[in-house]
Amino acid sequence: MSYAAELLKELIDEPTMTLLSKKTPVGIRDLPDDERKAYKARKQAERRAKLKERIGAGSVKYDAASAREALADAALMILVSGTEGSAAIERYLAKVYHDQAGAMLTIKAHARSGRLKPRLLGIAMKSS
């Protein structure tokens with residue numbers, strides 16, 4: 001066989017061989033039900049382990065729910081302390097519950113008595 005023919009064969013065979021030898025990626029949706037469920041269960045366990053580790057280190061995953069909880073905790077602590085800003089929180093609560101005369105006072109009383117507790121305070125205490 002001539003050098004040119006060997007070179008041509010090499011060029012033609014090589015790409016087809018590499019294309020045939022590569023495995024096509026399989027998507028999660030393409031997996032059989034039991035394998036997909038096992039994959040999802042493993043991923044969920046990993047997520048929960050990371051979350052537990054993060055909480056143990058004194059942090060929370062940032063998302064809309066945790067941001068709202070942190071802001072609610074801050075407002076609750078300001079309301080209880082009576083420091084600067086508590087009047088603004090009281091006015092806001094009065095507007096939100098404008099048709100329920102005692103709601104703002106009840107919230108304030110529950111916060112002071114400890115019936116309304118900050119949710120993330122324990123985590124915040126660990127990080128400081």
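Which residue forms a salt bridge with Arg 119, and how many Å apart are the closest N and O atoms? Keep in mind throughout that this is a predicted model.

**Exercise 1. Track down the partner of Arg 119 and work out which parts of the chain the pair links.**

Step 1. Start with the partner: it's Glu 69, and the closest N and O atoms of the two side chains sit 3.2 Å apart. The cut-off for a salt bridge is 4 Å, so this pair makes the list.

Step 2. Now place both ends. Arg 119 is in the loop between helix H5 (103-113) and helix H6 (121-127), while Glu 69 belongs to helix H3 (residues 64-81), so the bridge ties together parts 50 residues apart in sequence.

Step 3. Check the surroundings. Arg 119 is exposed, at 64% relative accessibility, whereas Glu 69, at 24%, is partly exposed.

**Exercise 2. Find the salt-bridge partner of Lys 108 and decide whether the two residues are buried or exposed.**

Step 1. Look for the carboxylate: Glu 90 pairs with Lys 108, with 2.6 Å between the closest N and O atoms.

Step 2. Put them on the fold. Lys 108 comes from helix H5 and Glu 90 from helix H4 (residues 86-96), so this bridge joins parts that lie 18 residues apart in sequence.

Step 3. Read off the burial: both Lys 108 and Glu 90 are buried. For that label, each has to come in under 20% relative accessible area.

**Exercise 3. Describe helix H2 and the salt bridge formed by Arg 36.**

Step 1. Get the helix dimensions. H2 covers residues 33-56, which makes 24 residues, and runs 34 Å from first C-alpha to last, close to the 34 Å expected at 1.5 Å a residue.

Step 2. Find the pair. Arg 36 bridges to Asp 33, and their closest N and O atoms are 3.0 Å apart. Both residues are in H2, three residues apart, or about one turn of the helix.

Step 3. Add accessibility. Arg 36 is partly exposed at 22%, and Asp 33 is partly exposed too, at 48%.

Step 4. Step just past the end of H2, and you'll meet Gly 58 with a positive phi of about 90°.

**Exercise 4. Say where Ser 66 sits and which residues it touches, leaving out those up to four places away in sequence.**

Step 1. Ser 66 is in helix H3.

Step 2. Its relative accessible area is 11%, so Ser 66 counts as buried.

Step 3. With those sequence neighbours set aside, Ser 66 touches Val 60, Lys 61 and Leu 120.

Definitions and conventions:
Residues are numbered from 1 along each chain as its sequence is written. This is a predicted model: local features need pLDDT of at least 70, side-chain atom pairs count only at pLDDT 80 or more; totals for chains, interfaces and linings use all residues. Side-chain values use heavy atoms; hydrogens and water are left out. Helices (H or I, at least four residues) and strands (E, at least two) are DSSP runs, numbered from the N terminus. The expected span of a helix is 1.5 Å times one less than its number of residues. Buried means under 20% relative accessible area, exposed over 50%, partly exposed in between (1.4 Å probe, protein chains only). Contact means heavy atoms within 4.5 Å.
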